[in-house]
Amino acid sequence: MNGYNQAVFKILLQSALGIGFLGLTVSYLDIDNVLKLSEHLDLSLFVLTAGLTLVGLFIQSCKWSIFLRHCQPVNGFWKSMDSILLGMALGLFTPGRLGELGRALAFPSNRTVTAMFAGIDRLISLFCGLIISMFCIYNSDLLAFDLILAGCIFFLLITVFVVAFRRILFKKYSIFVKFKNHLALLTNKEYFFIFAFSMVFNLLFCLQFFLLIGARYEWDLNVFTLIPVIYTVKSFIPISIGDLGVREGIAVLLFGQCGLDPEPAFGAALGIFLLNVFIPAIGGWFWCGGRIFSLQPAMVKKGS
């Protein structure tokens, strides 16, 4: 089996896993309640949620432009936006949306460094999501204490692992040295804005989710504290294309364990997938994917 066939096989397998998880989640729900979700949908709130997707793209592009200053001679907001959209298009076909590292393909040079910065961007965003989740778990009246303890232990283990094996990782794996060197390029001011943008972006995702389900739970803010946990747990289970089925399954499981009707959470999770993952990815491909790839030979030739 050649490389192309292996890639196709992996995509089909991960797609099957996502659809399987989605089907398993639906089988756990009350089908009648699932079918009635559209009847309870507030169109104005849905439009507002969709509008916030554009705000999220703006925030991501502003943040990504900070990284591009250190790796691309030609950069700016719109170039950053093109790169983000291309990354989202590629991320749709990879587990955990790891394909977003393909933002580097939007440029004819310095692709390795650019991809490294894309990885750093994802890690910082994940770290910010983890911080928000820990805060929400601590302040939630719905989540049990054992979840708080498990979260604290998990966070502590990650910290201890990084500190204890830092030197070994740097010596054995050159990629960690490259990460360290690229991190050193960023100033404290840039780090501040990157973390600020990441925090706002994570909270924006949660707000979108809450707008889609808040009315079903009488806008109880305790429900909001569950949402960051969904995204954080999902990030550590990259097993399906675009995280399809995983996001929805975690939402249903978490809401059900907290004594809440899981059907609205399922509908919101699926809606967020469509608004924040699927539609931007498809739009990104038609907007810049084909154009960028068609220009690559000419750009490389010109650069040489």
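The largest cavity in this predicted model is lined by Met-88, Gly-91, Leu-92, Arg-97, Glu-100, Asn-276, Val-277 and Ala-281. Helix 4 and helix 13 (262-303) are the elements that give two or more residues to this lining. One of the lining residues, Glu-100, is buried, with a relative accessible area of 4%. Elsewhere in the chain, helix 12 is largely enclosed by the rest of the structure, because nine of its twelve residues are buried.

**Cavity**

- One cavity of 30 Å³ or more turns up when the whole structure is searched.
- The volume of the largest cavity is about 30 Å³.
- With three residues, helix 13 contributes the most to the lining of the largest cavity.
- Sorted by class, this lining holds four nonpolar, two polar and two charged residues.

**Glu-100**

- The loop between helix 4 (77-91) and helix 5 (111-139) holds Glu-100.
- Glu-100 counts as buried because its relative accessible area is 4%, and the cut-off for buried is under 20%.
- Apart from neighbours within four places in sequence, Glu-100 is in contact with Gly-87, Met-88, Gly-91, Ala-118 and Arg-122.
- Met-88 and Gly-91 are among these contacts of Glu-100, and both are also found among the residues lining the largest cavity.

**Helix 12**

- Helix 12 covers residues 246-257, and at 1.5 Å a residue its twelve residues should span 16 Å.
- The C-alpha atoms at the ends of helix 12 are 16 Å apart, which agrees with that expected span.
- The buried residues of helix 12 are Val-246, Arg-247, Glu-248, Gly-249, Ile-250, Ala-251, Val-252, Leu-254 and Phe-255.
- Charged residues are included in this buried set, namely Arg-247 and Glu-248.
- Gly-259, just after helix 12, takes a positive phi of about 80°.

**Confidence**

- Over the chain the mean pLDDT is 79, with 76% of residues at 70 or more.
- Among the elements of the chain, helix 9 (residues 188-213) has the highest mean pLDDT, 94, and helix 7 (residues 166-172) the lowest, 60.
- Residues 295-304 have pLDDT below 50, and this stretch has seven contacts in the model beyond near neighbours in sequence.
- Predicted coordinates should not be read in detail where pLDDT is low.

Conventions
Residues numbered from 1 in each chain as written. Predicted model: local features only at pLDDT ≥ 70, side-chain atom pairs only at ≥ 80, totals over all residues. Heavy atoms only, no water. Helix = DSSP H or I, 4+ residues; strand = E, 2+ residues; numbered from the N terminus. Expected span 1.5 Å × (residues − 1). Buried < 20%, exposed > 50% of the residue type's maximum accessible area, 1.4 Å probe, protein only. pLDDT = per-residue confidence, 0-100. Contact = heavy atoms within 4.5 Å. 1 Å grid on protein atoms, 1.4 Å probe; cavity = no way out; pocket = protein on both sides within 12 Å on 5 of 7 lines; lining within 4 Å. Points joined across faces, edges and corners; volume = space filled by probe spheres on them.
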